[in-house]
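Please open the two-chain model in your viewer, with the chains coloured separately. The stops below can be selected one after another.

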Amino acid sequence: MHPALQGLITIIIGVGGCVGYFYFSNFLLDKFLLPARALSAEQTATRRQMGTIFLFGIPALLVAALYVTAVGVGSIASVGGIFWLLVAAGVIYGLLRLKNFVFASGPTTAGRNISHANMIRPWLFLAPAIFALGLYLTYPVFETLRLSLITRNGNVGFGNYSYMFGEQKFWEAMRNNMLWLIVVPAMSTVFGLLVAQLTDRIAWGNIAKMMIFMPMAISMVGASVIWKLIYEARPIDVEQIGILNAIWVAMGGEPQQWLQLPVWNNFFLMAVLIWIQTGFAMVILSAALRGIPEETVEAAIVDGANPFQIFFKIKVPQIMPTIVVVWTTITLTVLKVFDIVFTMTNGQFGTQVLANYMYDKLFRANDWGTGSAAAMIIMLLVTPILVWNVRNARKEMR
Amino acid sequence: MDNIAGHKSGLTWAVHLSVAFLVILWLFPTMGLFVSSFRTADQISSSGWWKALFPTEQNIVIRGASPSEQVQVDGMYVIEGSVFDSRASGDIAHWGTSSREIDAYKPGEVVEMRDGSTITLNEDGTYRMENAAEFEGSRGQRIFFTATTPPEFTLDNYEFMLFDERNSEGMSKAFFSTLTVTIPATVIPILIAAFAAYALAWMEFPGRAILIACVVGLLVVPLQLALIPLLKFHNNIGIGKGYLGVWLAHTGFGLPLAIYLLRNYMVGLPRDIIENAKVDGATDFQIFVKIILPLSFPALASFAIFQFLWTWNDLLVAMVFLIDSSGQTTVMTKQIVEMLGTRGGDWEILATAAFISMAVPIAVFFAMQRYLVRGLLAGSVK
């Protein structure tokens, strides 16, 4: 089947399935399970019977069947077998509770039905999202943790971590990641702030911002090609076609393979990400600058402050929270940076970073244990930001 | 803000100049690739792209017509032709007949060769060789010259990379693969997220705050962690590597941002409308479909653009979940990475391929920029 057709069918099935699920689950809840009217004892009894079959009996059988086929009765004594047995038991118990919650054993009032339906409905709306988030983001965190603790020869423990800590390439990746973490967010934020402030009051400011924002739309792979042309080096007796070498030679230098210069090449890779991320920083900071109350600035002018004092002493302190947000958001991008390094140097010449190191381990060396351990290191580095974000979000909600 | 107090600051000019400088600095890299994609391989390797906009001086060597084409005029054997036969026109600056002295003569100068013949090359590129005796040999005389050629651009690269059937590295197939990945991966998460966001914004139930906190937390979980567990999972349930897998993966990875953005937007919708509708007897499902969804269009558009740009530009997820060893489903980003390895110096091909992949996101970017900015402002965790 042609992939385009397959894609179309998937959209139809996906969208149709979602709409159908939401529509029919709500329909079932409102019209059949818990209608907004009183039900007699007879009516609840038939419903209870149907409910026992469809909401409890059949799903419970399915869970049991899944357990037997996927886990196997034989492995029931192992750690995994017991774990999944507990999970299956939990699901069946939950179904039982749900059944008893929905179906009363005697006559019900309309109020009882409506309030019960309203307690169930949010979960109908949330179910697909919770399922997808659980399967695609939450479960992998724990599975990766588990994989990282199992070494190649099947030992459980920190073997992968100690092996990784003994590798010189890992420490190179750590060092480079730290360099990236310092340089890229700082430079992007500074450039972004600079552009946001400079374009704030000039007539063609919006066009200028649009141009600086544009690299956001370009893939990191595309950006890598763009910058590889800039760093292109040719022999000394031939005309340079990379602008950097052209300038360098015009100033009297020898043509350089910029991406192979130890340590410096990291900064040439960082330039690509700074180029991409400055637009992001600019957009957010520009909005923050616009939000500063005019009175504070006017008061400073009246007091005789010069433009630099106004910027550094009045504006920057007021947008500090936004600067922190921009900084952390770019930090997250930097921690996951992969495409640029993979495309431009593939971690050679001392430019390895964690994400690329992990990819190397997972898909080139087929060493899933060490790869997972590297992924856990990335997760560990992200965790402080995660905690901070969650705390802020909760504070804001109150 | 500097001139609020009534005087125009002397800094204004400095501001204009520095903004202009920054804009040029930011555009320059992209311009380089863009211009290069319209140049031939020869042009790219003979001069920097920034010179392409101006006439260039090129050192060229060609062979004159072979002696078999000589004609007899007034008792002399003559070979005539133009050095620009196969190339663009231009002006000859100087020329020579030996690789050691490529700039020995001026245009129009008549030069005597060792065998007694004469040769001259005019400024417009025509040459004339005369000899009393017959020209011998089978190959023509070599002519070295330095010519100033006007800027010249071609669409051949695009034609070659997009429409040439014989080009095994053509981008058209990868273009459609990327499109096939992108559209379902953009549409499906929006729908799932919209329902969830409505529940999180407008329904009261125990555990809501914890769920919102979970979504905020999942926003930052690196997708690197998901690669191996999910690849194993896809293999176990029989999806393996393919479009279905990559659609599901993108859906899962895009959901936290989608829910977060949409919830933040929906919370801000006026409470009156929703409560009135409830009083009038509308169910939650009706409220969602008839009121919330239409009102949330800006937020839906914001997320759609994010997800579109992200899936279109993605490399890692496609490499892990989609591209199998047959390479039939390769996406553009992956193909460009491969070409960087195999065609490292062929900038006309690389530049064109990169621009083909960048054209759609850039068009979307300029068309929908308003929504993108709005989404960015709402999506950065405050």
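Begin by selecting the residues through which the two chains of this predicted model touch each other: the contact takes 95 residues from chain A and 94 residues from chain B. On the side of chain A that touches chain B, the largest share, 18 residues, is contributed by H4(A). Colouring that side of chain A by class will show 68 nonpolar, 16 polar and 11 charged residues.

Next, keep helix H4 (residues 110-148) of chain A on screen and add helix H4 (residues 172-202) of chain B, whose axes come within 8 Å and cross at roughly 130 degrees. H4(A) is therefore oblique to H4(B), and the crossing in which H4(A) passes H4(B) is left-handed. To see the contact itself, show the side chains of Pro122(A), Phe125(A), Leu126(A), Pro128(A), Ala129(A) and Ala132(A) on H4(A), together with Ile192(B), Ala193(B), Phe195(B), Ala196(B), Tyr198(B) and Ala199(B) on H4(B). Which classes do the residues of the contact of H4(A) with H4(B) divide into? There are 12 nonpolar residues in the contact of H4(A) with H4(B), with no polar and no charged ones.

For the next stop, select helix H8 (residues 220-231) of chain A and helix H1 (residues 11-36) of chain B, whose axes come within 9 Å and cross at roughly 90 degrees. Because of that angle, H8(A) is roughly perpendicular to H1(B). From H8(A) the contact draws on Val225(A), Ile226(A), Trp227(A), Leu229(A) and Ile230(A), and from H1(B) on Pro29(B), Thr30(B), Gly32(B), Leu33(B) and Ser36(B). Coloured by class, the contact of H8(A) with H1(B) has 7 nonpolar and 3 polar residues, and no charged residues.

Now turn to the spans annotated in UniProt, starting with residues 174-389 of chain A, which an unreviewed entry labels "domain: ABC transmembrane type-1". In the model, residues 174-389 of chain A are 73% helix and 0% strand, with the end C-alpha atoms 24 Å apart. For chain B, an unreviewed UniProt entry places the feature "domain: ABC transmembrane type-1" at residues 175-368. Residues 175-368 of chain B are 78% helix and 0% strand, and the end C-alpha atoms of this span are 21 Å apart.

Within chain B, select in turn residues 13-35, 175-203, 209-231, 243-262, 287-309 and 349-368, which UniProt lists under "transmembrane region" in an unreviewed entry. Residues 243-262 of chain B are 100% helix and 0% strand, and their end C-alpha atoms lie 26 Å apart. For residues 349-368 of chain B, the span is 95% helix and 0% strand, and the distance between the end C-alpha atoms is 29 Å.

Finally, recolour the model by pLDDT. Chain A averages 85, and 97% of its residues score at least 70; among its elements, helix H1 (residues 3-33) of chain A has the lowest mean pLDDT (80) and helix H6 (residues 168-198) of chain A the highest (91). In chain B the mean pLDDT is 82, and 95% of the residues reach 70 or more. Among the elements of chain B, the lowest mean pLDDT (74) belongs to strand S1 (residues 56-63) of chain B and the highest (90) to helix H10 (residues 297-313) of chain B. Select residues 1-7 of chain B as a last stop: the pLDDT over this stretch is below 50, and beyond near neighbours in sequence the stretch has 12 contacts in the model. The model as a whole scores ipTM 0.85 and pTM 0.83.

Terms used. Residues numbered from 1 in each chain as written. Chains lettered and ligands numbered in written order. UniProt positions renumbered as here; feature names shortened; annotations may be inferred. Helix = DSSP H or I, 4+ residues; strand = E, 2+ residues; numbered from the N terminus. pLDDT = per-residue confidence, 0-100. Axes fitted to C-alpha atoms, helices over the stretch in contact; angles between N-to-C directions. Parallel < 35°, antiparallel > 145°, perpendicular 65-115°, else oblique. Contact = placed C-beta atoms within 7 Å. Nonpolar A, V, L, I, M, F, W, Y, C, P; charged D, E, K, R; others polar. Left-handed = near helix turned anticlockwise from the far one by under 90°.
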